[in-house]
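Ready for a few exercises at the bench? Open the viewer, try each task by eye, and then compare your notes with the worked solution.

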Amino acid sequence: MKKLATIGDNCVDIYPQLNKAFSGGNAVNVAVYATRYGMQPGCVTWVGEDDYGHTLRHDLARKGIDISHVHTKPGLTAQTQVTLNGSDRVFGDYTEGVMANFALSEEDYRWLGDYDIIHSAIWGHAEDAFPRLYADGKITAFDFSDKWDSPLWQTLPPHLDFVFASALVEDDALCLRMKTIVGQGAGAVIVTLGENGSIAWDGRQFWRQMPDPVTVVDTMGAGDSFIAGFLCAQASGKSLPEAMKQGTACAAQTIQYHGAW
């Protein structure tokens, strides 16, 4: 199986209604969810010197993530206030903390040389790394979330094997946009649609996957777990539709409990 590393954002999701805090963030979540499939991922990110930073490093190590490049910096660990509206999570105030200045060092790049698949997301300040990683022969993946107006859409797709994003529904405009993204040079684009499942375009045809029927407790981490399941399927040689199915199953597992993991 190919090896996965994630780079970029982390945060502590604070639920005042539950009086609890959960380690999270896209790069962190994808790494943790990947362990469900026998993966031993690495993660490059920055945390603060505060208790949340200590907890996040401890939580990742406990899950079997290589934290040798989870760097501790002076300042605060990123934090997000989260409230629940039924089973949907609503994001409130966000404190970026030390992640505001995140960048990969040459030591980080050398360490990533041992990994085959590199993933990050739009919040992680890691976009500048992808032209180099792609040129080095890495399988690259990036999550744009629902930020369809980001200027990164104009520059990143040629350096990405897998582009992830989210939307509410499938329509003609979305399908055209997906074709355009692959036309820019991306390998494939996969869009999660919440309760409407997911859709992918690989340059030849559209693939669709409906969600698994489960009781939803908290949607936190659904998209990240889809990505982890998908990338682990790709790492083991499965096809794109098989990867979508595995991503869907991974997301279904996540949304049946509170917090990302």
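**Exercise 1. Aromatic pairs**

How many aromatic pairs does the structure hold? Once you have the count, classify the pair formed by F144 and W153.

*Solution.* Keep in mind that this is a predicted model.

Step 1: the count is 11 aromatic pairs.

Step 2: the ring centres of F144 and W153 are 3.7 Å apart and their planes lie at 15°, so this pair is stacked. The cut-off used here is that planes under 30 degrees apart count as stacked.

Step 3: now turn to W148 and W153. Their ring centres are 5.0 Å apart with the planes at 5°, so this pair is stacked.

Step 4: join up the ring pairs, and F130, F142, F144, W148 and W153 are linked into a cluster.

Step 5: check the burial. F144 counts as buried because its relative accessibility is 0%, and W153 is buried with a relative accessible area of 1%.

**Exercise 2. Charges over rings**

Which ring lies under the charged end of R177? Look for the ring that K3 lies over as well.

*Solution.* Step 1: start from R177, whose charged end sits over the ring of W153, 5.2 Å from the centre of that ring.

Step 2: move to K3, which lies over the face of Y115 at 4.6 Å from the ring centre.

**Exercise 3. Two loop residues**

Is S145 buried or exposed? Ask the same about D136: buried or exposed?

*Solution.* Step 1: place S145 in the loop between β9 (139–143) and β10 (162–166).

Step 2: S145 counts as buried because its relative accessibility is 14%, and the cut-off for buried is under 20%.

Step 3: list the surroundings of S145. Leaving aside neighbours within four places in sequence, S145 is in contact with W123, F164, A165 and S166. The side chain of S145 also makes a polar contact with the side chain of D146, at 3.5 Å.

Step 4: place D136 in the loop between α4 (130–135) and β9. With a relative accessibility of 53%, D136 counts as exposed, since exposed means over 50%.

Step 5: finish with a distance. D136 and G113 are 23 residues apart in sequence, and their C-alpha atoms are 8.6 Å apart in space.

**Exercise 4. The core and α6**

Which element gives the largest share of the largest nonpolar core? Describe that element afterwards.

*Solution.* Step 1: the largest nonpolar core has 39 residues, and those with the most contacts inside it are L60, F162, F164, F230 and L231.

Step 2: several elements give two or more residues to this core, including β2 (11–15), α1 (26–34), β10 and α7 (240–254). The largest share, eight residues, comes from α6.

Step 3: follow L231. Beyond neighbours within four places in sequence, L231 is in contact with L4, I117, H119, A141, F162 and F164. A second, separate core of 38 residues includes W46, M99, F130 and V191.

Step 4: look along α6. This helix has 14 residues and reaches 20 Å from its first C-alpha to its last, close to the 20 Å expected at 1.5 Å a residue.

Step 5: judge how enclosed α6 is. Since 12 of its 14 residues are buried, α6 is largely enclosed by the rest of the structure. Among the buried residues are D224, F226, F230 and Q234.

Step 6: just after α6, find G237, which takes a positive phi of about 90°.

Definitions and conventions:
Residues are numbered from 1 along each chain as its sequence is written. This is a predicted model: local features need pLDDT of at least 70, side-chain atom pairs count only at pLDDT 80 or more; totals for chains, interfaces and linings use all residues. Side-chain values use heavy atoms; hydrogens and water are left out. Helices (H or I, at least four residues) and strands (E, at least two) are DSSP runs, numbered from the N terminus. Buried means under 20% relative accessible area, exposed over 50%, partly exposed in between (1.4 Å probe, protein chains only). A polar contact is a pair of N or O atoms within 3.5 Å; within protein, one must be able to donate a hydrogen and the other to accept it, and residues adjacent in sequence count only if both atoms are side-chain atoms. Contact means heavy atoms within 4.5 Å. Rings of Phe, Tyr and Trp (its six-membered ring) pair if their centres lie within 6.5 Å; planes under 30 degrees apart count as stacked, over 60 as edge-to-face and the rest as tilted. A charge sits over a ring if NZ of Lys or CZ of Arg is within 6 Å of the ring centre and within 35 degrees of the ring normal. A nonpolar core is a set of buried Ala, Val, Leu, Ile, Met, Phe, Trp, Tyr and Cys residues joined through side-chain atoms within 4.5 Å. The expected span of a helix is 1.5 Å times one less than its number of residues.
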